[in-house]
Amino acid sequence: MNRILPALAMLSAATATAAPPPAASPPLLHATIAKLVGFGTRHSLSSPIDPARGIGAARNWTAARLAEIARDCGGCLTIEKVADRFTGPRSPDGVEIVDVLGVQKGTGDPDRVIILSAHIDSRVTDPMNFTSDAPGANDDGSGVALVIEAARILSREPHRATIVFAILSGEEQGLYGGQLLARTARARGWQVAAQLNNDIVGNSHGSGGDHVDNRVRVFSEGIRASETLDEARTRRAIGGEDDGPSRALAKFVDRIGTSGHGGLEVVAIRRPDRFGRGGDHLPALDLGFPAVRITEASENYDRQHQDVRVEGTRRYGDTIDGVDFPYLAKVTNLNVAVARALAQAPAAPAAATITGAVTADTTVNWAPVPGATGYRIHWRRADGTIWTNRRDVTSGPIVMKNVNIDDNFFGVSSLGADGAESLITFAGAAPRK
Ligand SMILES: [Zn+2]
């Protein structure tokens, strides 16, 4: 028999962790972006060796800044550079792409990895122009500043899982840095629990004249890019289009935001990215890792991928005066809260299943998770997208009396001793024998 945990144990992931970490600092975020803009251009084809101008200088500064943070936490971060050569339409002669990683090794479950990423390269109107000033204050200086500030905050305490702070290159030339990171994760056997890719996260004045500093968008795929044909057939038979691991991650971010930890309303957009556009989370999705893109609520297109110039009264270019630092701090706080909650929780169940066709009850089962002290069964009516019901148990299988399998979707999460909760694994059909 399975014991139902008392209601007191039903802590949400957001309330499970102890005292909240310090808030992100707008002046420190400003200092980082000012420094990055000072390198003139950070185009991926700019000089890798010039000490003052270009992507090499910017990357080196970033690595040095992470090393400073590592010193402040007694060496809790390992700084490394991973590199590979990429050739493509926007780098016809080939280019060495270097990602800078700060790795805070987990104290309890070090193979489980949470990644915070952003891209350091910048561009102007012509994607091949690597000489003109390309300040990239918001795209994606804002993301880089966020990742560095999150490293400063998260490195103040140990975490059960490993957190990787990733500063990527080559995004504008073809998502090269994201590919390199995803391949590195696979080669090292990282169990990637989440990648939060922050790209364009600091502007609050949109092209349409609106001012939005209390919302942020989280883009996710519902159906896994890595889904096999067999898995697609099963999903078409039983549903689950809104419940892939990346969508589960977006819903987790939404829940943390809603609980007030980020001070932001999360808009969980049901798309992998902006319409027809891409980012460094896409290569992670190709390899089957849960990953989302985080982007400001209202973009200013005059400030993205533009030569810095004035036409009449209209100013173009991604300059630092377009960044809203209190807003960027809020998006940073949301990232910190999500990374902290996920790092504390056990892994999500690798698989979950339901059975019970043509009966009144549904039986839910799942793969046990090492380190989990309990599990939470979530369910919702099958015409909705947000989990509405929950039941805490110690082990499976569990018979849900009079909860009809046709009319409900089910999922299972893992719980830690302190109530920290993993992502929710969608319960599908058992594999055919
Ligand atoms: Zn970008």
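This is a guided tour of a predicted model, going from its metal site to a disulfide, an aromatic pair and two charges over rings.

Residues are numbered from 1 along each chain as its sequence is written. Because the model is predicted, local features need pLDDT of at least 70 and side-chain atom pairs count only at pLDDT 80 or more, while totals for chains, interfaces and linings use all residues, and side-chain values use heavy atoms, with hydrogens and water left out.

**The zinc site.** Select the zinc ion together with His119, Asp139 and Asp199: the coordinating atoms are His119 (NE2), Asp139 (OD) and, listed twice, Asp199 (OD), at 2.0 to 2.7 Å. Donors here are N, O and S atoms within 2.8 Å of the metal (3.2 Å for Na, K and Ca), and since water is not among the atoms, sites may look incomplete. Along the chain the donors follow the spacing H-x19-D-x59-D. Histidine 119 belongs to strand 3 (residues 109-119), whereas aspartate 139 sits in the loop between strand 3 and helix 4 (141-154), so the pair ties together parts that are 20 residues apart in sequence. Helices (H or I, at least four residues) and strands (E, at least two) are DSSP runs, numbered from the N terminus.

Next, look at the angles: the four donor atoms subtend 52 to 145° around the zinc ion, which makes the arrangement irregular. Four donors would count as tetrahedral if all angles lay between 85 and 135 degrees; four count as square planar and six as octahedral if opposite donors are over 155 degrees apart and all others between 65 and 115, and anything else is irregular. Histidine 119 is buried at 1% relative accessibility, and aspartate 139 is buried at 5% (buried is under 20% relative accessible area, exposed over 50%, partly exposed in between, with a 1.4 Å probe and protein chains only).

**The disulfide.** Select cysteine 73 and cysteine 76, which are joined with an S to S distance of 2.1 Å; a disulfide is a pair of cysteine sulfur atoms within 2.5 Å. The torsion about this S-S bond is about -95°, so the disulfide is left-handed.

**A stacked pair.** Select phenylalanine 86 and tyrosine 176, a stacked aromatic pair at 4.7 Å centre to centre and 20° between the planes (ring centres of Phe, Tyr and Trp, the last by its six-membered ring, within 6.5 Å; planes under 30 degrees apart are stacked, over 60 edge-to-face, the rest tilted). Phenylalanine 86 lies in strand 1 (residues 77-88) and tyrosine 176 in helix 6 (residues 176-187), so the pair ties together parts that are 90 residues apart in sequence.

**Charges over rings.** Finally, select arginine 309, which lies over the face of tyrosine 316 at 4.0 Å from the ring centre, and then arginine 380, over the face of tryptophan 387 at 4.4 Å. The criterion is NZ of Lys or CZ of Arg within 6 Å of the ring centre and within 35 degrees of the ring normal.
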